[in-house]
Structure formats: C-alpha cells, structure tokens
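Q: Hi! Could you walk me through this model?
A: Sure, here it is.

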Amino acid sequence: RYYRVVFSNQSWVLMRWEPFDPNNYPFLSVLNHFAKNKVHVPTVVGMDSNLGLVLLEDLGDLTLERKFWESQSQESSIAFYKQAIDELIKIHFKASIDKSPCTAFQIQFDVEKFLWEMNYGKDNLLSGICKFSFSEKGQSEITSVFTDICQKLHNEPKYIAHRDYHSRNLMIKLDDMRVIDFQDARLGPIQYDLVSLFRDSYVNLNDEISSLLINDYLEKAKPYLPKDFSRAQFDEIYELQTIQRCFKACGSFASFYQQRNDTRYLKYISHTLRRVLKSLTMFPEYKTFVDVLIDSG
C-alpha cells in the first residue's frame, strides 16, 4: 500500500509492505542498482525494515499515460516517449553490463515463466471469463503453440528487463521521466519492455509513432547491440513477444474480475486481444491459437 504523507509544504510517499531484509529486498536491490547506473528512480528518504516501511520521494501524479491522453496529438507526446527510451537504454544495457549484486540477475524470463504467463491468460480469460472448454486435443495443440512461442523468446539474448514498463509506471516530475514499480525486474529479451511500452494496453499509440520510437530505441542501443544484430530477427521476436506479453496482460485484466469482481480493466481486453491477433497473422503455424481466440469470443 502507498500513502502520501504531507507535512508543512512538503510531501513524501510511504510504501508499506511486510517486514523485509534490507540486504536482500528486491525493491531496494533494483532501485539501488538502477540509481547507480543513472536510471531516474525515486529517492529513498528513510525506512524501517522491521515495520516493512519505506519513505520515498513524492513524484507527483503525472504519469506518461495521463500526459499521452492530455496531449492534443500523439506527436506531442513523442518527446516524453523518447525520455522513456533513454531510461530503458540504461536499464537494458548499462545496468546489465554492471554485474554488481542485484536481485534482477537472480531471476529470468525462461520457457517456464513465459509459459506460466500465457497459461494465466488462457485460464483467466479463455476458460474463465469466456467459459471456453478445451478438448483434450485442443489443449494439447494450444500447449504446443504456447511452448513454441516461449522457447523462441527464451532463446533470445537476455538483459535486465523492468518487466512492467508501461505508461502507468512512468512518472513525469518537472518534465523529467522517472521509473517506478521495478521490483520484479529480471533477465529477459529487450522486446519484453518494448512491447510493454509501445503496445501498451492503456494508450493507443499508432503504428507510425510506434515505428518511429522503435527506430529511436535501436539507434540509441546501437553501441550495445551485438555485431551480428539482425533487424529482421528483432522484428520477428517483437511480434512473438507481442503475442506473449499482450495475451498475458489480457489474463491479468480478466483475473482482476475473476478474483475480486473488479470490472475497471475489462475495457482494455478487446483492443489488446486485437493486437495479439494482428501479430498472430504473421505466423501461420499458430493458426490453432487464432481459431481458439475467434471461437472463444
């Protein structure tokens, strides 16, 4: 839980969690590692690990999502997205190159984790909300498709991934981009965060702007990318990651309704699923998944 603490003309954010070991607490471990590599994260003002309390700098209320929707055009938000890319370059490359102890190096997106996320989408959205019933053959076929996608993603080079790098986890304070909600950072393909940012369920970045921003990312990443970097391979993995990441997001939105009857996120499912379907059209070998999504709808 988070609380805004106000005293006189100053304010802070109080994060309340269970008691923790400050030497092995993911939130602090990742925050310190990111800060060391110049990622703009909130400053820790104080803490009491026995009470599970961390007092943080107050970053205000202006998210990248709100900035996007308040802009008169998508073009006017490009400068802020480029700032978000600057932070992502530091996370993916500078923080990954720095091998100082950090919990982000201890966990990764592997086949098992990717598969768990896709099954989360299947169980909460398809079987849960849509009440779609899989035959034994259908279950086997969809598992085969999921596993193939996850294996290809797992085979990609791994860098530190924020894991939830979307417009609600990027704050703008005095026109500077700040990164929050990074405690689940882990090793994974660079496309995971890029899909989270450019195919974000909470905003509707058009393809032209998204393409411009991807090019900006790749230009800034050029000094760090391997010499045999292939744009065609990058684009293929980006589409595969869209299928995996966006389908998982649909599962999360469905789970909020399934588990606590929270209807606020249901409105994001349809256009996020359309992104999944659009990417699936590029992989005819995954027609089984397309058929399931259409039949369950």
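Q: What is the radius of gyration of the protein, and what would a compact globule have?
A: The protein has 20 Å, and a compact globule with 297 residues would have a value near 19 Å, so the two agree. The radius is taken over C-alpha atoms, and the globule rule is 2.2 Å times the number of residues to the power 0.38.

Q: Anything I should know about the source?
A: This is a predicted model, where local features need pLDDT of at least 70 and side-chain atom pairs count only at pLDDT 80 or more, while totals for chains, interfaces and linings use all residues. Residues are numbered from 1 along each chain as its sequence is written, and side-chain values use heavy atoms, with hydrogens and water left out.

Q: Thanks! What does the C-alpha trace span along its principal axes?
A: About 60 × 45 × 45 Å.

Q: And how many helices and strands are there?
A: The protein has 10 helices and 8 strands. Those are DSSP runs numbered from the N terminus: H or I of at least four residues for helices, E of at least two for strands.

Q: Let's pick H4. What is its reach?
A: H4 covers residues 111-129, and its 19 residues reach 26 Å from first C-alpha to last, close to the 27 Å expected at 1.5 Å a residue. The expected span is 1.5 Å times one less than the number of residues.

Q: Where is the kink in H4 centred?
A: On Lys122, with a kink of about 25 degrees. The bend is the angle between axes fitted to the seven residues ending at a residue and the seven starting there.

Q: Which residues of H4 are buried?
A: Lys122 is one of them, and the others include Phe114, Glu117, Tyr120 and Leu125. Buried means under 20% relative accessible area, exposed over 50%, and partly exposed in between, with a 1.4 Å probe and protein chains only.

Q: What covers them?
A: The cover includes helices H5 (136-154), H6 (190-198), H8 (231-260), H9 (269-280) and H10 (287-296).

Q: New topic: how many disulfides does a search find?
A: The search of the whole structure finds 0, counting pairs of cysteine sulfur atoms within 2.5 Å.

Q: Why is Cys150 not bonded to Cys246?
A: Because the Cys246 sulfur, the closest cysteine sulfur to that of Cys150, is 14 Å away, too far for a bond. Cys150 is also buried, with a relative accessible area of 0%.

Terms used:
Contact means heavy atoms within 4.5 Å.
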